[in-house]
Amino acid sequence: MSDIVVIGAGIAGLSAGARLSADARVTVLETETAMGFHASGRSAALFEQNYGLPSTVALNKASADYHWHANGGYLSPRGLMLTASADERAAYETDAETLGTDPISPDRALELVPILDPARLAFAGYHEAAYDIDTDRMLQDFAREIRRNGGEIVTGAPVSAIARHGAAWQVTTPKGTHSAARLVNAAGAWADQVSEMAGIAPIGIVPHRRSMARLPAPGGHDVSRWPMFFGVGEAWYAKPDAGALLVSPAEEDPVEPHDAWADDMVLAEGLARYEAMVTEPVTRLLASWAGLRSFAPDRALVLGPDRDEPTFIWCAAQGGYGFQTAPAASQLVADLVMGRTPALPPAVVASLTPDRFRS
């Protein structure tokens, strides 16, 4: 019998499993045949400390040292740039204050991203302290830590039933029934479904689709040093990726949990908003896909034991912040499970635990 079974081998499940494996024997169960298949494999992979709610920002800042130094570090320079037209000034000023970008001239913006349309661009803000995350290596390193500590990761193991027998959870999969004293729900878009299967009241976590297109480098430019750049109100964003350019309409459409795919109309509308700010038209796509960003009703992460059943542990509702918060979020989960005092301030912890949804 495992001390802890974790359901889900995305960044939430693997990071929590790795932290917990220092004190318990951990088994991670994953429906798909590979780790990080859904949201974790479709992430824009940016670390920007000021991005998110105050509780998310607290997790970002507490994760920074790990991102910089653990296992040689996971970050590389990227930067981010906010762009706006003349009629978007008010929205630009709001976003610039939220993101902490410094104003730069349109000429400087064109030096950073030469395909921006000088006839359209009126305002630009730049923030250097935004970084690419080596997401694949982070996933693999957390998985390696689990195995090094005697745990296992079982892929191709969808959970068909969860039952409580005495002091143990029984989790049934096609690859056998796994027993554990504690159960971690890191099932991403399926987190509420897992809780209901276990007889635990759901939180109200809803997945939201976000579509993405991969474009050839516009105009044959070397995009490797371009920052991530986006429109006001996050109406679209673009980010270099391995010689190509990722462009997203940045939509958040609530959907049922599923293996997501891009909505063609939403993608076309988002690409049109992007095209309105650049001089290079979109002539073809290399690929398109979508991921699910799952949010609790208050849009903060849900981390820690359930108040009504403390052996059922939530590590869910990461939204779009899974990788950048993972080091601190997983440490918080491990501290709460193992009875240690978290390093985060009590008010932040209270804003993240599932107790806030239990009357």
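What follows is a short conversation about reading one helix and two groups of strands in a predicted model.

Colleague: Let's start with helix H7. What span should its twelve residues have, and how far apart are its end C-alpha atoms?

Modeller: Helix H7 covers residues 264–275, and at 1.5 Å a residue it should span 16 Å. Its end C-alpha atoms are 16 Å apart, which agrees.

Colleague: Which residues of H7 are buried?

Modeller: Look for a repeat along the helix. An α-helix has 3.6 residues a turn, so residues three or four places apart point the same way. Here the buried residues are Val 266, Leu 267, Gly 270, Leu 271 and Tyr 274. Viewed down the axis of H7, they fall within an arc of 130 degrees, so they line one face of the helix.

Colleague: And what is exposed on the other side of H7?

Modeller: Asp 264 and Met 265 are exposed there.

Colleague: Which strands are included in what covers the buried residues of H7?

Modeller: The cover includes S13 (206–215), S14 (228–231), S15 (237–241), S16 (244–248), S17 (253–254) and S18 (287–295).

Colleague: Which side-chain contact should I look at, at the start of H7?

Modeller: Go to Asp 263: one of its side-chain oxygens comes within 3.0 Å of the backbone nitrogen of Met 265.

Colleague: Back to S13, then. Is it buried or exposed?

Modeller: Nine of the ten residues of S13 are buried, so the strand is largely enclosed by the rest of the structure.

Colleague: How do I read its pairing with S18, and how many bridges are there?

Modeller: Strands of a sheet pair through backbone hydrogen bonds, either parallel or antiparallel. S13 and S18 are antiparallel, with nine bridges. To find the register, take Arg 209, whose bridge partner in S18 is Leu 292.

Colleague: How many bridges join S13 to S17?

Modeller: Two, and those strands run antiparallel. His 208 has Pro 254 as its bridge partner in S17. S13 also pairs with S16, in the antiparallel sense over three bridges. There, the partner of Arg 214 is Leu 246.

Colleague: Now the sheet with S3, S8 and S4. In what order do the strands come?

Modeller: The order is S3-S8-S4, in an open sheet with antiparallel pairing. S3 (46–47) and S4 (75–77) are the edge strands, each pairing on one side only.

Colleague: How many bridges join S4 to S8?

Modeller: Three bridges link S4 to S8, residues 131–133. For a landmark, use Ser 76, whose bridge partner in S8 is Asp 132.

Conventions. Residues numbered from 1 in each chain as written. Predicted model: local features only at pLDDT ≥ 70, side-chain atom pairs only at ≥ 80, totals over all residues. Heavy atoms only, no water. Helix = DSSP H or I, 4+ residues; strand = E, 2+ residues; numbered from the N terminus. Expected span 1.5 Å × (residues − 1). Buried < 20%, exposed > 50% of the residue type's maximum accessible area, 1.4 Å probe, protein only. Arc of directions from axis to C-beta. Contact = heavy atoms within 4.5 Å. Polar contact = N/O pair within 3.5 Å; in protein donor to acceptor, adjacent residues only side chain to side chain. Pairing = 2+ DSSP bridges.
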